[in-house]
Amino acid sequence: WDISSRSIPKKTRTINGHSLSVTSLLFDQNNDILISSSRDGTVMLWDVAKPKTYMELGDIEFPEDDITTGMAFKPNSNFLTSWNSDGKFVVWDISDLANPKKTETLDGSIKDAVFSRDGKLMASSSDKDNIVTLWDATDFAKLNTIKIDNDSVNAIELSKDGKTLAIIGKKIILWDVTDPKKPAQLSILPQQDDEMADMVFN
């Protein structure tokens, strides 16, 4: 879509490639590359610098029951991360867009992940044990974990300066992760009637 006129967005092109429904979409930092994942077990990389003449650059194939449910770019790098419905988390080197290479597979049941803007810290959440894990994003070494009791973990978000982590469930818990090896709880925002799905920092 062309949204230069926000009141009247215009469709520029429909991209066809997956055989089943798309589960997630992600643009790179320059908005030149679009990554799409599908229930057909593939992740596709598209050149959308000129949306009217898009081109498939490469793809990653998984078993059909290995469905990618989320993705994130590591800032200021050529690394893409993806996680699937079983919680498997994979790090990809996409410096060669036509031939992405798996570099890491992290342990744990991961359902969401976020990076700090400087690309040094990653936080991931699990829906099986309500644990949030902090990782050194330079080598993906585990730094520490935060266990959330008596609440679910629906989403996580890092502040723009990377120093505050928000953990979202029925309530929002703010943590100081200035030193990710020693996270410290800051405050708890009031509990809501319904569970919250997500939030953003201003």
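**Entry 1: Asp129**

I began with Asp129, which sits in the loop between β10 and β11. The model is a predicted one. I looked up the accessibility of Asp129 and got a relative accessible area of 34%, so I entered this residue as partly exposed. I then checked its side chain for polar partners and noted a contact with the side chain of Ser126 at 2.9 Å. For a long-range reference I took Gly17: Asp129 and Gly17 are 112 residues apart in sequence, and their C-alpha atoms are 36 Å apart.

**Entry 2: the whole chain**

I next went through the secondary structure and counted 16 strands and zero helices. I looked up the overall extent: the C-alpha trace spans about 50 × 40 × 30 Å along its principal axes. The radius of gyration is 18 Å, and a compact globule of 202 residues would have one near 17 Å, so I recorded the two as in agreement. Of the 202 residues, 45% count as buried. I also looked at contacts with a separation of 6 or more; 35% of them are between residues 24 or more positions apart.

**Entry 3: the largest nonpolar core**

Which residues have the most contacts inside the largest nonpolar core? I found Ile146, Ile156, Leu165, Ile167 and Trp175, in a core of 15 residues. I then listed the elements that give two or more residues to this core: β10 (121-125), β11 (131-136), β13 (155-158), β14 (164-168) and β15 (172-176). As a general remark, nonpolar side chains tend to be buried together in soluble globular proteins.

I followed Ile146 further, leaving out its neighbours within four places in sequence. Its contacts include Leu165, Ile167 and Trp175, which I had already noted among the core residues with the most contacts. Ile146 also touches Asn130, Ile131, Val132, Leu134 and Pro183.

**Entry 4: the salt bridge**

I searched the whole structure for salt bridges and found one. Its partners are Asp149 and Lys147, with the closest N and O atoms 3.5 Å apart. I looked up how open each partner is. Asp149 has a relative accessible area of 51% and is therefore exposed, the cut-off for that class being over 50%. Lys147 is at 46%, so I put it down as partly exposed.

**Entry 5: the aromatic pair**

I looked for aromatic pairs and the structure holds one. Trp83 and Phe89 form this pair, with 5.7 Å centre to centre and 5° between the planes, and I entered it as stacked. The pair counts as stacked because planes under 30 degrees apart fall in that class. Are Trp83 and Phe89 buried or exposed? Both of them are buried.

**Entry 6: Ser82 and Ser85**

I stayed in this stretch of the sequence and looked up two serines. Ser82 lies in strand β6, residues 79-84. Its relative accessibility is 4%, so I noted Ser82 as buried. The side chain of Ser82 makes a polar contact of 3.1 Å with the side chain of Trp92.

Ser85 is in the loop between β6 and β7 (89-93). I read its relative accessible area as 47%, so Ser85 goes down as partly exposed. I also took its distance to Ile8: the two are 77 residues apart in sequence and 36 Å apart in space, C-alpha to C-alpha.

**Entry 7: Thr42**

I looked up Thr42 and found it in strand β3, residues 42-47. Thr42 is buried because its relative accessible area is 12%, with the cut-off at under 20%. I noted one polar contact between side chains here, joining Thr42 and Asp40 at 2.6 Å.

**Entry 8: positive phi**

Last I turned to backbone angles. Most residues other than glycine have a negative phi. Asn31 has a phi near 60°, a positive value. I placed Asn31 in the loop between β1 (22-27) and β2 (33-38). Its relative accessible area is 49%, so I recorded Asn31 as partly exposed.

Phe140 also has a positive phi, near 60°. I found Phe140 in the loop between β11 and β12 (141-147). Is Phe140 buried or exposed? I noted Phe140 as buried, because its relative accessible area is 9%.

Technical notes:
Residues are numbered from 1 along each chain as its sequence is written. This is a predicted model: local features need pLDDT of at least 70, side-chain atom pairs count only at pLDDT 80 or more; totals for chains, interfaces and linings use all residues. Side-chain values use heavy atoms; hydrogens and water are left out. Rings of Phe, Tyr and Trp (its six-membered ring) pair if their centres lie within 6.5 Å; planes under 30 degrees apart count as stacked, over 60 as edge-to-face and the rest as tilted. Buried means under 20% relative accessible area, exposed over 50%, partly exposed in between (1.4 Å probe, protein chains only). Helices (H or I, at least four residues) and strands (E, at least two) are DSSP runs, numbered from the N terminus. A polar contact is a pair of N or O atoms within 3.5 Å; within protein, one must be able to donate a hydrogen and the other to accept it, and residues adjacent in sequence count only if both atoms are side-chain atoms. A salt bridge is a side-chain nitrogen of Lys or Arg within 4 Å of a carboxyl oxygen of Asp or Glu. A nonpolar core is a set of buried Ala, Val, Leu, Ile, Met, Phe, Trp, Tyr and Cys residues joined through side-chain atoms within 4.5 Å. Contact means heavy atoms within 4.5 Å. The radius of gyration is taken over C-alpha atoms; the globule rule is 2.2 Å times the number of residues to the power 0.38.
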